[in-house]
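Student: Please give me a close look at one part of this model, the sheet at its centre of interest for me, and then work outwards from there. I would like each cut-off stated as you go.

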Amino acid sequence: MATAIDQKHCHSGVTVTHAISHDDVILSTENLTKHFGALTAINGVNLRIGPGVHSIIGPNGAGKTTLFNLLTGFLAPDSGHVSYRGERISGLPPYAISQRGVARSFQITSIFAELSVFENVRVAVQSRLKASYNFLISHRSLKDVERKTAEILSRVGLENWADTTAKNLPYGLQRCLDIGISLATDPSLVLLDEPTSGVSREDTTNILQLIAAISRRLPVVLIEHNIDIVLSISDMITVLYQGVVLAEGPPAQVRDDERVQEAYLGGY
Ligand SMILES: Nc1ncnc2c1ncn2[C@@H]1O[C@H](COP(=O)(O)OP(=O)(O)OP(=O)(O)O)[C@@H](O)[C@H]1O
Ligand SMILES: [Mg+2]
């Protein structure tokens with residue numbers, strides 16, 4: 001496996017350098033651009049996502065969630081494109097991108113408040129099975145769905161909360177449920193938008209352990225505001241600033257980058 005050294009000049013003129021094997025890139029973007037009227041929310045972004053945790057950081061309004069919306073089909077780019085496992089996926093609707101294995105959690109929790117924890121995950125598991133469109137669901141496939149649902153609940157540490165109505169779940173555990181729902185579709189890449197936002201310190205630790213465990217099995221792209229968390233958990237960090245990649249690299253390199261310190265860390 002040859003390792004290529006990428007050198008990209010971003011719009012701000014900064015050269016970002018990092019090593020990533022071509023064989024390891026699961027998702028990439030080329031010159032990705034999105035305008036909202038006069039505002040350019042994402043401006044010529046080139047990303048390469050490989051194994052481990054790749055964090056996207058940047059101040060409020062930097063374009064992080066817009067980037068996720070472009071990667072998952074909730075928005076179509078104005079120019080540039082997104083490739084996933086060698087296939088161009090930009091322009092496909094969200095369900096088609098999800099079917100290909102890209103899962104996401106949302107910045108605002110997306111659970112069904114009135115359903116139980118178990119039912120929330122089961123609905124997500126069923127959404128992947130053809131059987132869900134068929135009234136004659138076999139006993140066997142129902143059992144498969146229940147087994148898979150239970151497996152996911154234990155993976156995210158919610159096995160003892162299965163019967164709890166989701167709205168009664170402590171907030172930190174609701175975020176774990178969000179992550180569980182994103183895992184229900186058997187993804188090969190998971191995008192998490194601020195999974196620790198509003199969460200207590202103790203629950204944050206649990207969520208970080210969960211993310212670390214997930215990332216040992218599949219790549220995770222993480223949007224996270226807490227810089228200490230980002231520096232400790234990430235294999236790679238991309239700093240977005242006004243829709244442009246300001247810097248990119250392993251944690252130590254990004255931490256020591258003067259422009260990042262000025263533009264992001266200093267004023268944050
Ligand atoms: N649908 C939309 N229509 C118009 N403007 C939008 C839309 N979505 C986002 N924006 C604008 O695009 C910019 C980037 O927003 P985005 O939500 O991607 O930022 P963010 O980095 O996720 O911020 P935060 O850290 O606050 O979540 C902001 O100026 C925002 O107001
Ligand atoms: Mg956001």
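**A strand and its surroundings**

Tutor: Happily! Let's begin with one pairing: in E11, Ile57 has Val239 as its bridge partner. This is a predicted model, in which local features need pLDDT of at least 70 and side-chain atom pairs count only at pLDDT 80 or more, while totals for chains, interfaces and linings use all residues. Residues are numbered from 1 along each chain as its sequence is written, chains are lettered from A and ligands numbered from 1 in the order in which they are written, and side-chain values use heavy atoms, leaving out hydrogens and water.

Ile57 belongs to strand E5, which covers residues 53–57. Strands (E, at least two residues) and helices (H or I, at least four) are DSSP runs numbered from the N terminus. Strand E5 is mostly covered, with 5 of its 5 residues buried, where buried means under 20% relative accessible area, exposed over 50% and partly exposed in between (1.4 Å probe, protein chains only). From E5, Val53, Ser55 and Ile57 point one way while His54 and Ile56 point the other way, and all of them are buried.

E5 has strands to either hand in the pairing. With E11 (residues 236–241) it runs parallel, joined by 4 bridges; two strands pair if DSSP finds at least two bridges between them. With E10 (residues 220–223) E5 also runs parallel, again through 4 bridges. Along that second pairing, Val53 stands opposite Val220, and His54 has Val221 as its bridge partner.

These strands belong to an open sheet of 6 strands, in the order E8-E9-E10-E5-E11-E12, with mixed pairing. E8 and strand E12 (244–249) are the edges: each has a single partner strand, so one side of each has no neighbour in the sheet. On average, neighbouring strands of this sheet are turned by 15° against each other, direction ignored. Axes here are lines fitted to C-alpha atoms (for helices, over the stretch in contact), with angles from 0 to 180 degrees between N-to-C directions.

Helices pack on this sheet too. Helix H5 (residues 171–183) touches E8 and E9, and its direction makes about 155° with that of E9. Contact means heavy atoms within 4.5 Å. Helix H6 (residues 201–215) lies across E5, E9 and E10, running at about 150° to E10.

Now to the edge strand E8 (residues 102–105): Val102 and Arg104 point one way from it and Ala103 and Ser105 the other, and all are buried. E8 pairs with strand E9 (residues 189–193) in the parallel sense over 4 bridges, and Ser105 stands opposite Leu192 in E9. Arg104 also has its charged end over the ring of Phe74, 5.0 Å from the ring centre; the rule asks for NZ of Lys or CZ of Arg within 6 Å of the centre and within 35 degrees of the ring normal.

Gly101 is placed in the loop between helix H2 (94–99) and E8. Its relative accessibility is 3%, so Gly101 counts as buried. Leaving out neighbours within four places in sequence, Gly101 is in contact with Tyr84, Pro187, Ser188 and Leu189. Gly101 and Tyr84 are 17 residues apart along the chain, and their C-alpha atoms are separated by 9.2 Å.

Tyr84 takes us to a second open sheet, of 4 strands in the order E4-E3-E6-E7 with antiparallel pairing. Its edge strands are E4 (39–49) and E7 (87–88), each pairing on one side only. Strand E6 (residues 79–84) and E7 pair in the antiparallel sense over 2 bridges, with Tyr84 opposite Glu87 in E7.

His81 lies in E6 as well; because its relative accessible area is 13%, His81 is buried. A polar contact of 3.4 Å joins the side chains of His81 and Arg88. Among the residues that His81 touches, not counting those up to four places away in sequence, are Ser28, Leu32 and Ser90.

Finally, helix H1 (residues 64–71) lies across strand E3 (27–36), E4 and E6, at about 115° to E3. H1 is mostly covered, with 7 of its 8 residues buried, including Leu67, Phe68 and Leu71. Just after H1, Gly73 takes a positive phi of about 85°.

Definitions and conventions. A polar contact is a pair of N or O atoms within 3.5 Å; within protein, one must be able to donate a hydrogen and the other to accept it, and residues adjacent in sequence count only if both atoms are side-chain atoms.
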